[in-house]
Every structure is written in structure tokens, then in C-alpha cells.
Amino acid sequence: MLGYITWNVDPILFSIGNIHVHWYGLMWGIGFLVGYELISRIKKKKKYPEDWADKIFIYMAIGTIIGARIGHCLFYGWEYYSSHPIDILKVWEGGLSSHGGAIGILIAMYFFAKYVTKKNYLWVFDRLVMPIAFCGACIRFGNLMNSEIYGHPTTMPWGFIFVRNGETLPCHPTQIYEMLYCLVALGTTSFLYWKKQAYKHEGVIFGTFLIIVFLTRFLLEFIKNDQESFEANMLLNMGQILSIPFILWGLWLFYRAYKKNTQHSK
């Protein structure tokens with residue numbers, strides 16, 4: 001049985017001259033493309049307007065990238081970026097926040113719901129969480145290939161020694177843990193949508209997604225290394241603080257659906 005896994009993968013998949021294809025960028029691309037196919041499947045099955053899939057892809061891509069970048073700069077690097085605002089535009093230098101991406105998607109989908117579908121905000125998210133969950137799993141795989149955002153040292157046999165970062169002890173591969181909870185969220189929300197038709201109870205699928213993803217994220221932060229030095233003396237780190245509103249929102253959506261169901265059954 002393995003005592004640990006030595007991890008020294010090159011983050012660059014291949015190069016053509018001065019053009020480098022990184023695993024991280026590739027996984028973002030795969031996440032968006034498969035997400036688009038999942039949205040298209042829902043569109044075809046439910047006979048929604050033809051242009052919805054294309055428009056939601058554009059809204060979501062813009063919201064995710066802008067939100068993830070601004071979120072990183074605000075939540076994790078404000079001390080630097082407040083003095084170097086032009087560097088906020090340098091996305092190629094790295095620095096994306098999953099919570100910022102989530103906020104960006106929420107804002108983008110508000111406008112998508114208002115100007116494209118003319119549907120309720122929750123109606124949109126009950127159908128959107130499946131591709132978001134898949135895309136999240138892809139991004140965490142990209143983090144693994146970059147040897148970044150991993151956890152504390154561990155004696156578990158699946159611990160990874162991240163050689164590229166100078167680690168000598170096996171650490172929790174929290175990128176894999178997070179990839180797995182994204183896949184669990186994908187499987188659960190897909191089951192609720194396709195098998196249980198839970199979209200008839202507005203907000204239940206979205207609420208399920210929020211609780212699975214952000215509650216698990218909150219708990220995993222206890223074994224993850226801090227992303228920034230300012231988190232060292234915090235009771236809860238930035239990832240946990242940013243997860244709490246999403247967890248509460250998910251619980252409120254369940255309570256809201258329960259109240260509606262109770263009123264209808266009277």
C-alpha cells in the first residue's frame with residue numbers, strides 16, 4: 001500500500017514555440033465546453049429557445065472570469081492591488097478566486113434572467129448548477145496540475161508530496177477532495193433535476209448545490225494551507241468567511257421550499 005504519492009507534474013501540457021498550453025487553462029476550457037453541452041441538453045429536452053445556450057455561455061464565461069479575478073484581488077490581495085490597480089488586468093499572471101467567480105456568476109445570471117429568459121432568478125440557477133459543478137471539478141483538477149491550493153501534512157496513504165513547491169512531507173491533496181465534492185454536487189443535482197423533477201420546487205436544486213459545495217469547502221479549509229499570510233491568525237480564514245453566506249442561502253432556500261409546500265398542502 002502506498003505511503004504517499006510523489007507529485008512533480010509539469011503545469012505546462014505542451015509548447016509550440018513560445019506558445020505554452022497549461023493544464024489549468026485547458027481545464028477551464030474543457031469545463032466551459034462540457035458545461036455548454038449540458039446546458040444545450042437541457043435546452044433541447046425542454047424545448048427552450050435556441051439562442052439561450054449560446055447567450056448563457058457568454059454571460060457565464062464573462063461573469064466567471066471577471067468575478068474570479070476581481071474576487072482574488074479584493075479578498076486575497078487588496079493590500080497589493082490597491083497600490084497597483086493596473087495589475088488587476090494581468091490575469092495571465094495568475095490569481096483567481098472561486099468565491100469571486102461564484103459572485104460573478106450570480107451577477108451575470110441576474111442580467112441573463114432579467115433580459116433573456118424573463119424567468120425567475122432561481123429558475124435559472126436550478127438549471128445552471130449542473131454545468132457549474134462540472135466546471136468547478138475541472139478547475140480543481142487544474143489546481144492539482146499546478147501543485148497549488150493543497151493541505152496540511154498528512155500520514156494518510158494518499159498524501160501528495162508536492163515536489164515543485166519544495167515540499168518534503170506528504171500533504172492532503174485538497175484539490176482532489178474539492179474535485180470530488182463538485183462531482184457529488186453534479187451527480188446529486190442531476191438526479192434531482194432529471195429523475196425527481198425537483199425543479200418544480202423552486203430553489204431546491206440550487207439550495208442543494210450551495211450546501212454541498214460551500215459547506216464542504218468550509219470544512220476542508222480546516223486542513224488547507226492559508227492562501228495568504230494575513231490569514232495566519234484568523235479564527236476562520238477568508239475561504240470560510242466567504243462560504244458562510246452561501247451556506248445560509250442554501251438553508252434558507254430549503255426553508256422557503258418547505259414553507260411553500262406546507263402552505264400548499266393545507
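Reader: In which helix is Phe254 placed?

Author: In this predicted model, Phe254 belongs to helix H8, which covers residues 238-265.

Reader: Why is Phe254 called partly exposed?

Author: The relative accessible area of Phe254 is 35%. Buried requires a value under 20% and exposed a value over 50%. Because 35% lies in between, Phe254 counts as partly exposed.

Reader: What does Phe254 touch, leaving aside its neighbours within four places in sequence?

Author: Phe254 is in contact with Val204, Gly207, Thr208 and Ile211. Phe230 is 24 residues from Phe254 along the chain, and the C-alpha atoms of the two are separated by 35 Å.

Reader: Arg256 is placed in helix H8 as well. Is Arg256 buried or exposed, and how do you know?

Author: The relative accessibility of Arg256 is 17%. Since the limit for buried is under 20%, Arg256 counts as buried. Apart from neighbours within four places in sequence, Arg256 has contacts with Leu122 and Glu202.

Reader: Where does Tyr199 lie, and what makes it buried?

Author: Tyr199 is found in the loop between H6 and H7. Its relative accessibility is 17%, and a value under 20% is what the term demands; Tyr199 therefore counts as buried. Not counting residues up to four places away in sequence, Tyr199 touches Lys46, Asp126, Arg127, Tyr193 and Ile205. One of these partners, Arg127, is 72 residues from Tyr199 in sequence, with 7.8 Å between their C-alpha atoms.

Reader: Why are H6 and H7 called roughly antiparallel?

Author: Two packed helices are described by the angle between their axes and the distance between the axes. The axes of H6 (residues 174-195) and H7 (residues 204-220) come within 9 Å and cross at roughly 165°. An angle over 145 degrees counts as roughly antiparallel, and H6 and H7 are therefore described in that way. Their crossing is right-handed.

Reader: Which residues meet where H6 and H7 pack?

Author: From H6 the residues are Tyr177, Glu178, Tyr181, Val184, Ala185, Thr188, Thr189, Leu192 and Tyr193. From H7 they are Ile205, Thr208, Phe209, Ile212, Val213, Thr216, Arg217 and Leu220. Divided by class, this contact has 11 nonpolar, four polar and two charged residues.

Reader: How do you know whether H5 and H7 are parallel or antiparallel?

Author: H5 (residues 121-145) packs against H7 at an angle of about 30°, and the axes are 7 Å apart. Angles under 35 degrees count as roughly parallel; H5 and H7 are therefore roughly parallel to each other. The crossing of H5 with H7 is left-handed. On the H5 side, the contact is made by Leu122, Phe125, Asp126, Val129, Ile132, Ala133 and Arg140. On the H7 side, it is made by Val204, Ile205, Phe206, Phe209 and Arg217. These residues divide into nine nonpolar, no polar and three charged.

Reader: What is notable about the phi of Lys118, and why is this residue called exposed?

Author: Lys118 has a positive phi of about 60° although it is not a glycine. The residue lies in the loop between helix H4 (98-117) and H5. With a relative accessibility of 62%, set against a limit of over 50%, Lys118 counts as exposed.

Reader: Where is Ser147 placed, and what makes it buried?

Author: Ser147 is in the loop between H5 and strand S4 (160-162). Its relative accessible area is 1%, which is under 20%, and Ser147 is therefore buried. Ser147 also has a positive phi, near 55°, in a residue other than glycine.

Reader: How many helices and strands does the chain have?

Author: The chain has eight helices and four strands. Along the sequence they follow the pattern β-β-β-α-α-α-α-α-β-α-α-α.

Reader: Why is the chain said to be as compact as a globular protein of its length?

Author: The radius of gyration is 20 Å, and the globule rule gives 18 Å for 266 residues. Because the two values are close, the chain is as compact as a globular protein of that length. The C-alpha trace spans about 60 × 45 × 45 Å along its principal axes, and buried residues make up 47% of the 266 residues. Among contacts with a separation of 6 or more, residues 24 or more positions apart account for 66%.

How values were computed
Residues numbered from 1 in each chain as written. Predicted model: local features only at pLDDT ≥ 70, side-chain atom pairs only at ≥ 80, totals over all residues. Heavy atoms only, no water. Axes fitted to C-alpha atoms, helices over the stretch in contact; angles between N-to-C directions. Helix = DSSP H or I, 4+ residues; strand = E, 2+ residues; numbered from the N terminus. Parallel < 35°, antiparallel > 145°, perpendicular 65-115°, else oblique. Left-handed = near helix turned anticlockwise from the far one by under 90°. Contact = heavy atoms within 4.5 Å. Nonpolar A, V, L, I, M, F, W, Y, C, P; charged D, E, K, R; others polar. Rg over C-alpha atoms; globule rule 2.2 N^0.38 Å. Buried < 20%, exposed > 50% of the residue type's maximum accessible area, 1.4 Å probe, protein only.
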